[in-house]
2 protein chains.
Amino acid sequence: MLRTHTCGDLRISDVNIEVTLAGWVQRVRNKGGLIWVDLRDRYGITQLILEEGSTDESLLQKAAGLGREYVIQVSGTVIERSSKNDKLATGDIEIKVARLEVLNSSKVPPFIIEDETDGGEELRMKYRYLDLRRNVVRNKLQLRHRMMQETRKYMDAQNFIEVETPVLIKSTPEGARDFVVPSRVNPGEFYALPQSPQTFKQLLMVSGFDRYFQIVKCFRDEDLRADRQPEFTQIDCEMSFVSQEDILNTFEGLTKHLFKEVKGVDLAIVERMTFADAMKYYGNDKPDLRFDMKFVELNEVVKDKGFAIFDSAELVVGICAKGAASYTRKQIDALTDYVKRPQIGAKGLVYLKYNEDGSLKSSVDKFYSPEDLKTWADKFDATPGDLILVLSGEANPVRKQLSELRLKMGDELGLKDRNVFKPLWVIDFPLLEWDEDTQRYHAMHHPFTSPKTEDIPLLATDPGAVRANAYDLVINGVEIGGGSIRIHDRNTQQLMFRHLGFSEEEAQKQFGFLMEAFEYGAPPHGGIAFGFDRLCAIFGGSDSIRDFIAFPKNNSGRDVMIDSPSSIAEEQLKELSIALNILKEQKM
Amino acid sequence: MLRTHTCGDLRISDVNIEVTLAGWVQRVRNKGGLIWVDLRDRYGITQLILEEGSTDESLLQKAAGLGREYVIQVSGTVIERSSKNDKLATGDIEIKVARLEVLNSSKVPPFIIEDETDGGEELRMKYRYLDLRRNVVRNKLQLRHRMMQETRKYMDAQNFIEVETPVLIKSTPEGARDFVVPSRVNPGEFYALPQSPQTFKQLLMVSGFDRYFQIVKCFRDEDLRADRQPEFTQIDCEMSFVSQEDILNTFEGLTKHLFKEVKGVDLAIVERMTFADAMKYYGNDKPDLRFDMKFVELNEVVKDKGFAIFDSAELVVGICAKGAASYTRKQIDALTDYVKRPQIGAKGLVYLKYNEDGSLKSSVDKFYSPEDLKTWADKFDATPGDLILVLSGEANPVRKQLSELRLKMGDELGLKDRNVFKPLWVIDFPLLEWDEDTQRYHAMHHPFTSPKTEDIPLLATDPGAVRANAYDLVINGVEIGGGSIRIHDRNTQQLMFRHLGFSEEEAQKQFGFLMEAFEYGAPPHGGIAFGFDRLCAIFGGSDSIRDFIAFPKNNSGRDVMIDSPSSIAEEQLKELSIALNILKEQKM
């Protein structure tokens, strides 16, 4: 090794030993005949010291010539520091340098390599290898490493077998858009990259693997948003001979294990809520339970008082923001503007202040007496000091609008504590959802999800009402994982494809292998997949998954560091039996 | 859970408890009013018993109707068996069945699902999910799981950080053919799938990650052979501030850890051999050291005796097969035919038998006296009973030919014991190798490998003689891993590209990001990659990596189970801005 210790190793007990360290120059200070160098590596920072007189002149010159981010190797003696630095683990000692070698020099970096940097996002993406040198960034990837190791430890202890499923698979029309790979050996044919290893993990259950997991890259060629990446990582799991309850318990166990081992947090029991309740009380299938503000429906107390907007509304529903009665007119106007933004689309906002003095003041005093308003307040169990916010309109849209308002109030009132974790299982999802564009039902989860046995008759009469054996794990309003008990017999699977509008022929062409597998003794089975990038972000207290990916792509799917994607040689295209076919307007 | 125990759990101490099991019907026997069912799952086999009279009639009928591979759930009482089965861990007990439910039926499988099967390879590939149900096959994937977990355990304990590098990267002309992925968002541009994460792991070193590893899928669009797959798995590693010695020690440690934990084998110290010695003594850069048969060069003792073939040969070299003097004329003729096969290409084979009675008999007695032949035998330290086999010709080809003969003799004499493991580091590989086709030097390892400092001057005068800081780990004649100390400064890297025939412009276009990274404080670093599929095959005592891959592709790169690759919709091609361009002869 080019070092005897790392820059995080040495302590007061090491005084007087001879050591060799290697690392990056974080800073050089030069004062009163003394030169200090902060030497950095992944493990910490150690201070080096050179003194005029007691140190060789050429060595002093070398040290004075060091620039930021130079890579050096030094040998010397560990000595006690005169003024200790409590902020550093090595702060009790420094190294009296006897030898110094520059292993590599460095140009001036394009941005400052410290926890606080002056680099903009694009610049840091281009020089991602320098951004990764910052402790705050590298720590996120160390957290990810820890989470991977702990996930495997738990899964292995629970008898899950890690199996690598193929990356070069088959394109299917269901779901999001596939990335495809032209086959050279089979001209005109393509592989697809997996959006998930769904069918393979089900086949492993048919194979009797009993418990499978994998931490696996998946791919979706979607239009990118800030928190999406074309390639992302999943903790993918499947179990045989289980009911939904067994899966929830097993992965509640994984979640608790990770919180305990990685964050030292004892997670409370994971609550459960039906999809129907989540929509009714939070307007959202992934409610953030760090704060209350449950929806209260007001139809019965607001109707027939002459307020036409409420009278004509399918749903009048509100939330109670504890202690927000002090909101000014201006603040309430801002909330009104917020919910009226086109992305949210509310028509207006009604408020009711329950003042500290017990008086009630609303934006609809013209229509409602103080007694009426007190009835509202009582519905919310409101107390003096609270602010009630009410929306109205068609039930489904208004719930979504109120959900946005609830989250906004959570932000404004500081209720979204990054150090509080409220996990929740949302269960009993609908099996199907109606798609206006294609005018047919789509699988809400995917076509392999089983309907609840008691709801199967509804498939023929009221498909939208059929509930699935499907569940999501939500933490702090973020969907972390989702899964289902699968269909495991050919007839039900065929029925499902029929309801999803597949012709017999299409279903056979795309998924014939799976349906055939179901005829050779497929066990009852189910599983789950966790979005690993997002899980890491939650653990790291960040909203962006990009921070937790070593080499992420930008919003156009480009890696600006290596400049990819890029054009390829004509010869390569020919070998692959494809040609470019670029429309003129795309070229511009 | 649909079971209280697995089929491998129950023991004599469980007698009298009520249990519920679930699994596959391995066999049903029906004799003298008794029905036995062998119930199988991943964990074992448990015998079920139903008895006429003491069991409900409808239950008996259900049991009698069970077919192979039916999936059933049974409840009953654990009882002691009258005749124990020592071959089963559960062989002391059986289950007296009180309830039986068929969870799924099964058609008759296309081949027998037992350790010995009647299914041919193509059939087993098509129904891979049934082949995986066989214990011998699933055990190979359980071994792979174990090796993955133990690899991570070791690497984590050694402070390596597991980092996922991207799968959608950039196509480069160097090395094997890339698989490419058309980008929809960037028309006319392509991603490539990584042949290895080489540049990314080096960038992680520039980032100060210090120790990186990953168990990662890599891709090569090569013409397939039996032991190659278009997607394969690597244990990929890189370390900073190390010399070659540190890397060899660290990964010798990993190898020993795996042998100890996975196979219970205490591996001997890993020998080291230079590339030059490996070629000189074994004719091969991956010698199988389970047996000796070292090459002995005979030039000085065979020349000028009138045997023109030897006299005109650049090299006369042989091996001594201990105890093979009893080989018949027919056996030796077969060996001669073997080395003369076009794939090997020797002109002929000279033998010398050192008979048990001390006499010497050779195929060149006409030219050499018994005293001459005794001199040969002495060069080999041969003793009575040995057979000496000699080839001659141009040095390099003749060494390769003799290497083949040596391996053949190892087979014939039963010296390739699958339970003996002889690891070896081959070091000091040449940096460059001459390519006849392109009439230029290629990097033997890859363009990022550093030359030995003392050999750098030779780059200008005798490039083929420059040795690299490169090493391979070989076990039993199989290359398991390889790596090098890398170049870490821009100038040397540029020099290297120049020697490989890259123009300044090409080098900049393809690897500019890496050379730029070297200017911002790149530490000295090096690494290694292990072929994980092959490592598993060695551990599993198999020659084929395919057995150790859950869903392998066939020799045409097809997954015959899911029928991939396949054609994709015209609409998909259009979105990707590509068109098919299939030549007529390919279509036929």
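**The interface between chain A and chain B**

Mentor: In this predicted model, chain A and chain B bury about 11300 Å² between them, with 57% of that area on carbon and sulfur atoms. In chain A, Glu164(A), Phe241(A) and Tyr520(A) lose the most area to chain B, together 8% of what that side buries.

Trainee: What makes a residue part of the contact, and how many residues does each chain give?

Mentor: The criterion is heavy atoms within 4.5 Å. The contact takes 123 residues from chain A and 125 residues from chain B.

Trainee: Why is the pair Asp210(A) and Arg3(B) called a salt bridge?

Mentor: The rule asks for a side-chain nitrogen of Lys or Arg within 4 Å of a carboxyl oxygen of Asp or Glu. For Asp210(A) and Arg3(B) the closest N and O atoms are 2.8 Å apart, so the pair qualifies. Across the interface of chain A and chain B the rule finds 18 salt bridges. Helix 4 (residues 135–157) of chain A gives the most to the side of chain A that touches chain B, with 10 residues. By class, that side of chain A has 63 nonpolar, 28 polar and 32 charged residues.

Trainee: What is the count of residue pairs in polar contact between chain A and chain B?

Mentor: Between chain A and chain B, 78 residue pairs are in polar contact, with both residues at pLDDT 80 or more.

Trainee: What makes Arg146(A) and Glu150(A) a salt bridge, and where do these residues lie?

Mentor: Their closest N and O atoms are 4.0 Å apart, and the cut-off is within 4 Å, so the rule accepts the pair. Both residues lie in helix 4 of chain A, 4 residues apart, about one turn of the helix. Over all chains the rule counts 105 salt bridges.

Trainee: How do you know that strand 23 of chain A and strand 23 of chain B pair?

Mentor: Pairing requires at least two bridges. Strand 23 (residues 578–580) of chain A and strand 23 (residues 578–580) of chain B have 3 bridges, in the antiparallel sense, so they count as paired. Within this pairing Ala579(A) stands opposite Ala579(B).

Trainee: Why is the relation between chain A and chain B that of a two-fold axis?

Mentor: In general, two copies of a chain are related by a rotation about an axis and a shift along it. Here a rotation of 180° with 0.0 Å of shift along its axis superposes chain A on chain B, with an RMSD of 0.1 Å. That is the relation of a two-fold axis.

Trainee: How do you know that the copies meet through the same surface?

Mentor: Of the interface residues of chain A, 100% are also interface residues in chain B, so the same surface is used.

Trainee: What makes strand 12 and strand 15 of chain B edge strands?

Mentor: In chain B, 5 strands form an open sheet in the order 12-13-16-14-15, with antiparallel pairing. Strand 12 (296–297) and strand 15 (360–362) of chain B each have a single partner strand, so one side of each is left without a neighbour in the sheet. Strand 14 (residues 350–354) of chain B pairs with strand 15 of chain B over 3 bridges, and Lys353(B) stands opposite Lys361(B) there.

Trainee: How do you know that strand 14 and strand 16 of chain A pair?

Mentor: Strand 14 (residues 350–354) and strand 16 (residues 387–393) of chain A are joined by 4 bridges and run antiparallel; at least two are needed, so they pair. Lys353(A) stands opposite Leu387(A) in strand 16 of chain A.

Key: Residues numbered from 1 in each chain as written. Chains lettered and ligands numbered in written order. Predicted model: local features only at pLDDT ≥ 70, side-chain atom pairs only at ≥ 80, totals over all residues. Heavy atoms only, no water. Buried area = accessible area lost by both parts, 1.4 Å probe. Polar contact = N/O pair within 3.5 Å; in protein donor to acceptor, adjacent residues only side chain to side chain. Nonpolar A, V, L, I, M, F, W, Y, C, P; charged D, E, K, R; others polar. Least-squares fit on C-alpha atoms with pLDDT ≥ 70 in both.
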